[in-house]
Amino acid sequence: MTVYDHTVPAIDCVDFVRLVDDLVDSDPLQWGEIVAKHLDECPPCLIYLQQMLDLKILLSHVYDGEKLTDEHVAGVVNAITTFRKGEHR
């Protein structure tokens, strides 16, 4: 576990989950210390982010290599997120 400077603000899990769509579409080197601190301190959010990254990779190789558009991938990820929040009811 990395020790972070007290000036690095904390982020809660709800706010982190809202960032996941943007994180999976960006370079991990650009995520910044706030995200790194949360991932280091919150294993469940780390697992969630890893699952979303894996899902994006898997969806990009569906149907015998037919590449899905970013819009298709985002649509599936958004549908899963909505379902997990219970907004589908």
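**Exercise 1. Is Tyr 48 buried or exposed, and what is its relative accessible area?**

*Solution.* Keep in mind that the model here is a predicted one. Start by placing the residue: Tyr 48 sits in helix H3. Next, take its relative accessible area, which is 10%. The cut-off for buried is under 20%, so Tyr 48 is buried because its value is 10%. To finish, look for a partner from elsewhere in the chain. Val 20 is 28 residues away from Tyr 48 in sequence, yet the two C-alpha atoms are 8.6 Å apart in space.

**Exercise 2. Describe the protein chain as a whole.**

*Solution.* Begin with the secondary structure: there are five helices and zero strands. Going along the sequence, that gives the pattern α-α-α-α-α.

Now for burial. The protein chain has 89 residues, and 26% of them count as buried. Its exposed surface is about 6500 Å², with 58% of that supplied by carbon and sulfur atoms.

Last, check how far along the sequence the contacts reach. Take the contacts with a separation of 6 or more: 59% of them link residues that are 24 or more positions apart.

**Exercise 3. Which residues of helix H2 are buried, and which helices do they pack against?**

*Solution.* Helix H2 covers residues 32-41, and its buried residues are Val 35, Lys 37, His 38 and Leu 39. These pack against two helices, H1 (13-24) and H3 (43-59).

Here's a handy rule for reading such a list: an α-helix has 3.6 residues a turn, so residues three or four places apart point the same way.

**Exercise 4. Take Val 35 and work out its surroundings.**

*Solution.* Step one: Val 35 belongs to helix H2. Step two: its relative accessibility is 6%, so Val 35 counts as buried. Step three: leaving out residues up to four places away in sequence, Val 35 touches Phe 16, Leu 19 and Leu 23. Step four: bring in the segment before H1. Val 8 is 27 residues from Val 35 in sequence and 9.8 Å from it in space, C-alpha to C-alpha. Ile 11 is 24 residues from Val 35 along the chain, with 7.7 Å between their C-alpha atoms.

**Exercise 5. Where is Ile 11 placed, and what does Ile 11 touch?**

*Solution.* Ile 11 is in the segment before H1. With a relative accessible area of 19%, Ile 11 is buried. Not counting residues up to four places away in sequence, Ile 11 touches Phe 16, Leu 19, Ile 34 and His 38.

Now turn to His 38, which lies in H2. Its relative accessible area is 7%, so His 38 is buried. Under the same kind of count, leaving out residues up to four places away, His 38 touches Ile 11, Asp 12, Cys 13, Phe 16 and Cys 45.

**Exercise 6. Work out how H1, H2 and H3 are arranged in pairs.**

*Solution.* You'll need two numbers per pair: two packed helices are described by the angle between their axes and the distance between the axes.

*H1 with H3.* The angle is about 25° and the axes are 10 Å apart. Angles under 35 degrees count as roughly parallel, so H1 and H3 are roughly parallel to each other. Their crossing is right-handed. H1 brings Cys 13, Phe 16, Val 17, Val 20, Leu 23 and Val 24 to the contact, while H3 brings Cys 45, Tyr 48, Leu 49, Met 52, Leu 53 and Lys 56. Sorted by class, that contact has 11 nonpolar, no polar and one charged residues.

*H2 with H3.* This time the angle is about 110°, with 5 Å between the axes. That makes H2 roughly perpendicular to H3. On the H2 side the contact uses His 38, Leu 39 and Glu 41, and on the H3 side Pro 43, Cys 45, Leu 46 and Leu 49. The classes come to five nonpolar, one polar and one charged.

*H1 with H2.* Here the angle is about 115° and the axes are 12 Å apart. The crossing of H1 and H2 is left-handed. Cys 13, Phe 16, Leu 19 and Leu 23 of H1 meet Val 35, His 38 and Leu 39 of H2. By class, this contact has six nonpolar, one polar and no charged residues.

Definitions and conventions:
Residues numbered from 1 in each chain as written. Predicted model: local features only at pLDDT ≥ 70, side-chain atom pairs only at ≥ 80, totals over all residues. Heavy atoms only, no water. Buried < 20%, exposed > 50% of the residue type's maximum accessible area, 1.4 Å probe, protein only. Helix = DSSP H or I, 4+ residues; strand = E, 2+ residues; numbered from the N terminus. Contact = heavy atoms within 4.5 Å. Areas by Shrake-Rupley, 256 points an atom, 1.4 Å probe, with all protein chains shown as cover. Axes fitted to C-alpha atoms, helices over the stretch in contact; angles between N-to-C directions. Parallel < 35°, antiparallel > 145°, perpendicular 65-115°, else oblique. Left-handed = near helix turned anticlockwise from the far one by under 90°. Nonpolar A, V, L, I, M, F, W, Y, C, P; charged D, E, K, R; others polar.
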